[in-house]
Amino acid sequence: MKTSVEVQRETLCMNLKGKSITVNRTERVCVNCAWYEQYYHQNRGNIYAWVPTSMGYCLAKECRRGALRQACRQFTSNA
């Protein structure tokens, strides 16, 4: 028989949901730059999918960068 703590922990884990942020296409952030490549990881559920992460790779600077960092001088809009 499960204890009340184990039941609470199991209930909490089943109710966890991801968070998302909406960024306007006109904002000067790395995720909107043509030089930015988003990193993805495989979905943990039973459905095969790739989920974007908060990190990526800047082809202009050749380094890892966060998606919401302020854009550099090489910023080129995707739109």
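Of the contacts in the protein chain with a separation of 6 or more, 41% join residues that lie 24 or more positions apart. The model is predicted, and the average pLDDT over the protein chain is 84, with 89% of the residues scoring at least 70. Confidence varies by element: helix H1, residues 4-15, has the lowest mean pLDDT among the elements, at 74, and E3 has the highest, at 93. Where pLDDT is low, the predicted coordinates should not be read in detail.

The secondary structure consists of one helix and three strands. Read from the N terminus, the order is α-β-β-β. Strand E1 covers 36-42 and strand E2 covers 50-58, while strand E3 takes in residues 63-66.

Next, burial and surface. The protein chain has 79 residues, and 16% of them are buried. The exposed area comes to about 7000 Å², of which carbon and sulfur atoms supply 52%. Part of the surface is a nonpolar patch formed by Tyr40, Tyr48 and Trp50, whose accessible area together is about 420 Å². Tyr48 sits in the loop between strand E1 and strand E2. Why does Tyr48 count as exposed? The cut-off for exposed is over 50% relative accessible area, and Tyr48 has a relative accessibility of 61%, so it falls in that class.

Strand E3 holds a residue of another kind, Arg65. This arginine is buried, yet it has no salt bridge. Which side chain of opposite charge is nearest to Arg65, and how far away is it? It is that of Glu62, at 13 Å; a salt bridge would need a side-chain nitrogen of the arginine within 4 Å of a carboxyl oxygen. What, then, is Arg65 in contact with, leaving aside its neighbours within four places in sequence? The partners are Cys30, Tyr36, Met55, Gly56, Cys58 and Gln70. Among these, Met55, Gly56 and Cys58 fall within the range of strand E2, 50-58, and Tyr36 falls within that of strand E1, 36-42.

Glu62 itself belongs to the loop between E2 and E3. Its backbone has a positive phi of about 55°, although the residue is not a glycine. Is Glu62 buried or exposed? Its relative accessible area is 60%, and therefore Glu62 is exposed. The two residues thus contrast in their surroundings: Arg65 is buried, whereas Glu62 is exposed.

How values were computed: Residues are numbered from 1 along each chain as its sequence is written. This is a predicted model: local features need pLDDT of at least 70, side-chain atom pairs count only at pLDDT 80 or more; totals for chains, interfaces and linings use all residues. Side-chain values use heavy atoms; hydrogens and water are left out. Helices (H or I, at least four residues) and strands (E, at least two) are DSSP runs, numbered from the N terminus. Buried means under 20% relative accessible area, exposed over 50%, partly exposed in between (1.4 Å probe, protein chains only). Contact means heavy atoms within 4.5 Å. Accessible areas come from the Shrake-Rupley method with a 1.4 Å probe; for residues, only the protein chains shown count as cover. Patches are made of residues with over 30% relative accessible area and no salt bridge: like charges are joined within 9 Å, nonpolar side chains (Val, Leu, Ile, Met, Phe, Trp, Tyr) within 5 Å. Lys and Arg count as positive and Asp and Glu as negative; His and the chain ends are not counted. pLDDT is the predictor's confidence in each residue, from 0 to 100.
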